[in-house]
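Let us go through this structure step by step, beginning with the annotated segments and ending with the sheet.

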Amino acid sequence: MKIPSTIWTLLIGIVLTLTSLWYGQNHGLLPTAASDEAPLVDGLFNAMMTVSTGIFLIVEGVLIYAVVRYRRRAGDNEDGPAIEGNVPLEILWTAIPAIIVIGISVYSFDVYNNMGGFDPHSAHAAPMMEESMNMRGTAMAATLKAASVQVAQLDDNSDTVTKPAELVVNVTGLQYAWLFTYPATEVTTGELHLPIGKTVEINLTANDVIHAFWIPEFRLKQDAIPGRQTNLRFTPSKTGEYNLICAELCGPYHGVMKSPVVVETQEAFDQWLQEQLIASKNIPNEAVAMTADKFLSPYTQNMGINSEILHQIK
């Protein structure tokens, strides 16, 4: 009994669909998700992987079938039949990719918007805006500020108003390192420490060339641009140590521009921050002690200063 081609097409379509859906959700290509925003990106990536797998299997399957089914047989030296174009088929294979691209674009827009891409209260290009306001006069700046306050008050019950971040970190990229400043305490370090479950706002800039702030586990990437401030908001959801990587070619040593990112409990973060405060206060004292040893030691005998007094100076 010969099975009709429509039945074969249906069965092949079901198998391809199930295979694409399974692989799209079980590809294992993404690193650990360590932020509340990561599932948004993962969902988009999985959808794109599902569609890509289906297209790959269809295209490669048709090619393999055509190579085997329509190969030249032994003794067949005739030309193949001249076949004109198939307009319905051409419309179909143009319309389907167009629909897929539009769908992915809408999905991508929604993910980007949910991650704060079009937040009207974001600080993109804040230094440029402030400079422009200064040039136009303080009166206009005051008017704009008052208007923004009124809009925020009117939308106080709306989801468009951004809640204040629980932790603000100023991040500066330079060849070939990252510097992290916590404005609340003025602590500056070479490591980014974050408390788990707290909304973090990153104010990002660069000193020299364009860098890119990328933490794969957080599914975040944002350019750091000289003379301009960009920002990011995210919430770490899993403790551990990750890597902040520069994803923009910034010079010959671009590959080593990495910094550790430590996500820890609130208690551990507070303890670390306190240690940084103590260390920063001890730096001037250590500098004074080194200066005393270097410049006073040669004159201690003539001045009647003994080692105990020098120790007190330290």
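## From the helices to the sheet

Over residues 89–109 this predicted model is 100% helix and 0% strand, and the C-alpha atoms at the two ends of that stretch lie 31 Å apart. The range is one of those that the unreviewed UniProt entry annotates as "transmembrane region", the annotation covering residues 7–24, 44–68 and 89–109. For residues 7–24 the computed picture is likewise 100% helix with 0% strand, the end C-alpha atoms being 26 Å apart.

The N-terminal part of the chain also contributes to a nonpolar patch on the surface, of about 850 Å², which is made by Ile3, Ile7, Trp8, Leu10, Leu11, Ile12, Ile14, Leu18 and Leu21. Of these residues, Ile3 is placed in the segment before α1, the helix that spans residues 5–25. Is Ile3 buried, exposed or partly exposed? With a relative accessible area of 38%, Ile3 counts as partly exposed, because that class lies between the limits of 20% and 50%, and the same value satisfies the requirement of over 30% for patch residues.

Further along the chain, 5 strands form an open sheet of mixed pairing, in the order β4-β10-β9-β6-β7. Its edges are β4 (192–195) and β7 (220–224), each of which pairs on one side only, and from one strand to the next the twist averages 25 degrees. In general, the strands of a sheet pair through backbone hydrogen bonds, in either a parallel or an antiparallel manner. Here β4 and β10 (residues 258–264) run parallel and are joined by 4 bridges; within this pairing, His193 has Val262 of β10 as its bridge partner.

Methods:
Residues are numbered from 1 along each chain as its sequence is written. This is a predicted model: local features need pLDDT of at least 70, side-chain atom pairs count only at pLDDT 80 or more; totals for chains, interfaces and linings use all residues. Side-chain values use heavy atoms; hydrogens and water are left out. UniProt positions are given in the numbering used here, feature names are shortened, and annotations may be inferred rather than shown by experiment. Patches are made of residues with over 30% relative accessible area and no salt bridge: like charges are joined within 9 Å, nonpolar side chains (Val, Leu, Ile, Met, Phe, Trp, Tyr) within 5 Å. Accessible areas come from the Shrake-Rupley method with a 1.4 Å probe; for residues, only the protein chains shown count as cover. A salt bridge is a side-chain nitrogen of Lys or Arg within 4 Å of a carboxyl oxygen of Asp or Glu. Buried means under 20% relative accessible area, exposed over 50%, partly exposed in between (1.4 Å probe, protein chains only). Two strands pair if DSSP finds at least two bridges between them. Axes are lines fitted to C-alpha atoms, for helices over the stretch in contact, and angles run from 0 to 180 degrees between N-to-C directions.
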